Each structure stands twice: as structure tokens, then as C-alpha cells.
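Me: I'm new to this and keep tripping over the labels people use. Can I quiz you on how they're earned?

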Amino acid sequence: MTATTAPATTPSGAARAPGPKGVPLLGSLGSWRRNTAEFLLGLQRDYGETVRMRLGPMTVHQITGPEAVQQVLVKNNSNYVRGPLYEQFSVVMGKGLLTTDGEYWRGHRRAVQPAFQKNTILDIVPNIVTATNEMLDDWEAKAARDEPVDLMTEMLKLTLITLSRSLFAYDIKPSSKVLKHIVDDVVEVMFRRGTPSEMMPSWLPTDRKHKIARIHRVFDKIVADVRESYARTGEGSLISLMEEAKDPVTGEPWTDQELRDELLTIYLAGHETTAVSLCWTLLSIANHPPVQEELDAEIAQVLGGGLPDTQNTDALTYTKMVVDESLRMHPPIWIFPRAAVGPDSLGGYDIEAGSSILLSPLVSHHNPLHWDNPLAFDPYRFTPEAVKERPRMAYFPFGAGPRQCIGNTMALLELRTIVTMINQRFKLSMIPGHSLQYGSPVISLRPLQDVMVRVKAREGAAAVSRTVAAPAPAPAPASTSTAPVTAAQKCPVTGTSGS
């Protein structure tokens with residue numbers, strides 16, 4: 001949660017937004033810590049689209065109304081900066097696109113933007129198809145042994161490999177097992193939970209500090225390998241832009257630290273969110289047989305036994321709607337914190353300079369004012385006609401405005417392609433007795449438990465083509481280095497209580 005950089009100041013006679021009183025000193029911090037998702041969804045239910053609360057010493061406003069969200073992200077975006085929460089991200093990522101503001105951020109965004117344009121991103125389809133087929137070939141052996149699959153782990157590995165091969169022409173697959181544990185450590189150390197280890201003086205050795213040092217060692221080695229690979233081969237659309245980038249003021253090339261921080265940001269932010277989205281989408285399909293049947297019919301009609309490519313993916317319109325509905329139900333980044341630089345008015349209420357702003361796609365996407373029966377999984381919410389009828393900012397899984405996720409086009413292409421390929425060859429089912437929960441105060445909506453599924457090979461799956469339409473450039477080998485969902489309600493994907 002963002003901390004205020006200065007005491008919040010309210011204009012005289014300001015209209016103060018409604019919200020919970022909380023308890024002395026702590027405010028609503030206890031409810032926030034017990035179950036963040038339940039708490040935030042309950043605020044919208046009880047107080048509306050603009051809610052004021054206290055979290056310890058912080059003044060926080062939750063904003064979910066579409067017009068107010070647009071005010072923060074688009075119309076008056078210069079008044080809302082990342083804020084102190086992102087200082088925790090910088091412990092691992094340094095000064096990258098995710099953690100910086102102002103001219104520094106703008107210069108770096110402009111430098112790497114060409115690698116994420118649609119015409120460039122379409123070139124990565126062969127890499128997506130190849131990596132997915134490698135994973136599905138492994139699943140065939142597991143299916144034959146009736147061995148369960150750890151879905152979240154598999155999706156993290158797949159998206160990491162795809163990202164690395166596509167943007168850096170570097171095969172990180174040999175290091176993927178090590179990196180799974182390292183990324184888990186990253187998620188842990190970037191979000192403070194008030195543990196004694198976090199409160200220790202900086203000079204004391206703690207488990208947290210050891211983890212941070214290990215994260216840096218592993219990723220510094222990977223960054224060095226990626227740069228060495230580029231120096232040797234000249235391949236990799238994104239690394240080439242970074243190596244050639246210059247400071248817009250001084251004209252000097254990016255420093256080694258700048259390159260390291262941006263590489264690390266892309267690796268960590270780029271694969272985690274797509275993997276989380278894949279996990280929830282596949283679970284949603286598995287738990288909704290009518291959706292599965294319609295998806296199967298479209299894939300068979302459009303692709304037959306062929307693979308998705310740059311020409312036919314646009315024809316998978318129902319697949320696109322399934323993915324969009326999954327991003328509504330389970331947006332991978334479900335909290336967008338901001339800090340108000342100056343006063344503003346949002347949703348008819350005055351916002352103090354110095355207060356924290358909390359945007360939540362999860363909460364906005366379950367707003368009954370804009371979504372009928374928001375707990376139901378219904379891809380037909382995303383027909384062109386239905387989309388036109390809704391306020392634009394009722395749905396913003398990738399944010400909006402200048403700071404919209406730079407990788408949104410790549411993520412959507414990966415999601416549609418991988419979902420299609422998995423459904424061509426396998427049917428997934430959750431193992432009975434495995435419940436899933438989410439809602440801890442971290443920005444990624446990763447399930448809090450292992451996601452164990454059984455994969456059953458489809459009849460005729462052997463006839464599905466394994467041939468990639470156009471060969472991808474051969475990557476250089478890597479070296480290995482060390483109503484609202486609440487606790488009392490059921491998650492529409494899993495049928496179990498959420499938290």
C-alpha cells in the first residue's frame with residue numbers, strides 16, 4: 001500500500017468521501033491485512049465508487065467509477081505518480097519502467113516501445129508455438145502416467161521461456177527451474193508484511209536480505225549472459241534497442257545499471273502477469289463445460305488440425321471473448337496504487353494532495369452498476385455490441401493512458417495462442433479437494449495455493465500439427481545459474497471459498 005509522502009491536506013469545506021471509521025491509530029489496517037480482496041470489494045458494496053479510509057497513518061481513497069478512473073489514468077494523469085509502494089519494487093528491479101516517473105520514465109519508454117508494436121509482436125508467434133508444443137509434449141507423458149500438473153508453475157515456465165526467446169533471442173529454459181524459486185522470492189521480498197525480519201536494522205543479516213542478495217546474483221548473471229549473447233549474435237529485438245538507447249538529455253548511451261534494471265523489469269513483470277492470466281483462464285474453461293464446448297467448436301472450425309498463426313488468430317473471436325472475460329474476473333494486476341501530487345475531485349468528492357489513490361481492476365470489474373451478475377463467467381459480455389454499451393473504463397486489465405502496460409499486445413497474443421493450443425491437445429480438470437484462494441495484499445493475483453490439475457489427451461490430438469508456420473530465429477543457449485468474492489462466498493472458477 002502506498003504511504004503518503006506528506007500529510008494529506010483537504011481544501012476548506014471539501015466534500016469528504018464516505019468510508020469505514022476503522023479503529024484508533026490503525027484505521028482499517030486490520031481488515032486490509034486479514035483479506036485484502038474481500039475488504040476492497042466490500043468497500044464498493046457498502047460505500048460506493050469513491051471510498052475514503054485510513055490505513056495506519058495513511059489516507060487512502062479507493063476509486064472504481066469509470067469516469068474517475070479515467071481522470072486518474074488519462075485526463076489528469078500527471079497529478080498521480082507511482083508513489084512509495086513502488087520503492088519496494090526498486091529493491092529488486094532498480095530504476096525501470098515499473099518504478100520510475102517523469103522524464104526518466106518517458107525517455108526509457110520511448111526507447112523500448114518499438115519492440116512492443118503490433119507488427120513487431122506478430123513475429124513472435126513461432127516462438128510461442130514452439131515453446132508451447134515443447135510443454136505439451138511433456139504433458140503427454142504425464143497424462144499417460146496419470147500424473148497431475150502444477151498449472152501455475154508450468155505457465156510461469158512457459159511464459160518466461162517465450163519472453164526470453166522472443167525479446168532477447170536467448171534460451172532461458174535450462175535456468176527455468178532455478179528461476180521459479182527465485183521469482184517466488186522476488187514476490188515475497190517486494191511486499192512488506194510487517195514481519196520482524198523487515199524491521200531489523202539494515203546492517204543486520206536477515207533471511208530477507210539473503211534472499212535479495214541471491215536474487216541479484218542470479219539475475220545479474222542472466223543479464224550478463226543476455227548481453228553477451230547479443231554481442232555475439234546481434235539478435236533480439238528488445239535487447240538491441242536497449243544497447244543502442246541514448247539518454248535524451250546527454251546523448252550518452254544507457255549505463256550498465258540502466259540496462260540491467262530494464263532487463264530485469266521486463267523479465268519479472270513480463271512473464272508473471274501472463275502466466276497468472278493463463279492459469280485463471282484455463283481453470284475458467286475447465287470449470288464451465290458450455291464454454292469449453294463452444295471453444296472447442298470454434299478451434300476445430302477455424303484451425304482444423306492446424307496451429308494458430310498470424311493469419312488465423314484474429315478469426316478466433318470466441319477465444320478472444322473467453323480471454324477477455326477471464327481478465328475481467330481475474331485481472332493479473334489487480335491493484336494500481338497512485339499518490340496524488342495535488343488536490344483533485346474524483347466521483348464528486350475532493351481528494352487531498354498527499355493522499356494515496358487505490359485503483360483496483362478486480363473491484364471495478366465486479367461493479368454491479370456496470371456488470372450484470374458480475375460473479376458469473378460469461379464471455380458474451382465481450383461481443384462488440386456489449387462492449388459499446390459499457391463505459392470505456394469499466395474494464396481496464398492493462399491500465400490506460402500513458403502508463404498502460406507496454407506489453408499488453410504481446411500478452412493478449414500469448415494468451416489466445418497458448419489457450420488455443422492447450423485446448424487442441426488436452427482437456428484439463430481440477431483435482432477434487434484442491435481449493436484456490438486469492439486476495440493477499442500483493443499486486444499479482446496469483447493463486448495462493450498450488451494449482452494441481454489432471455490433463456487428459458484429446459482423441460485425435462495426435463493429428464494436430466506440430467509444425468511451426470515460420471521458423472523462429474535460433475536463440476543462443478543459456479548458461480545455468482545458481483457479489484464480491486469473499487471468504488464466505490464461492491469463487492466462480494473453482495466453486496470454493498475465496499479469500
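Me: Which residues form a nonpolar patch on the surface?

Reply: Val23, Leu25 and Leu26, with about 330 Å² of accessible area together. Before we go on: this is a predicted model, where local features need pLDDT of at least 70, side-chain atom pairs count only at pLDDT 80 or more, and totals for chains, interfaces and linings use all residues. Residues are numbered from 1 along each chain as its sequence is written, and side-chain values use heavy atoms, with hydrogens and water left out.

Me: What makes a group of residues a patch?

Reply: Each residue needs over 30% relative accessible area and no salt bridge; like charges are joined within 9 Å, nonpolar side chains (Val, Leu, Ile, Met, Phe, Trp, Tyr) within 5 Å. A salt bridge would be a side-chain nitrogen of Lys or Arg within 4 Å of a carboxyl oxygen of Asp or Glu. The areas come from the Shrake-Rupley method with a 1.4 Å probe, and for residues only the protein chains shown count as cover.

Me: Why is Leu25 called exposed, and Val23 partly exposed?

Reply: Buried means under 20% relative accessible area, exposed over 50%, partly exposed in between (1.4 Å probe, protein chains only). Leu25 has 80%, so exposed it is. Val23 has 47%, so it gets the in-between label.

Me: What is unusual about phi in Leu25?

Reply: Phi there is near 70°, a positive value in a residue other than glycine. Most residues other than glycine have a negative phi. Leu25 sits in the segment before helix H1 (29-34); helices (H or I, at least four residues) and strands (E, at least two) are DSSP runs, numbered from the N terminus.

Me: How do you know that the length of helix H13 (residues 256-286) agrees with what is expected?

Reply: The expected span is 1.5 Å times one less than the number of residues. For the 31 residues of H13 that gives 45 Å, and its end C-alpha atoms are 45 Å apart, so the two agree.

Me: Why call H13 largely enclosed?

Reply: Because 26 of its 31 residues are buried.

Me: What makes strand E9 (residues 356-359) a partner of strand E2 (residues 58-63)?

Reply: Two strands pair if DSSP finds at least two bridges between them. E2 and E9 have four and run parallel, so they pass. Gln62 has Leu358 as its bridge partner in E9. Strand E6 (residues 336-340) pairs with E9 too, antiparallel over four bridges, with Pro337 opposite Leu358.
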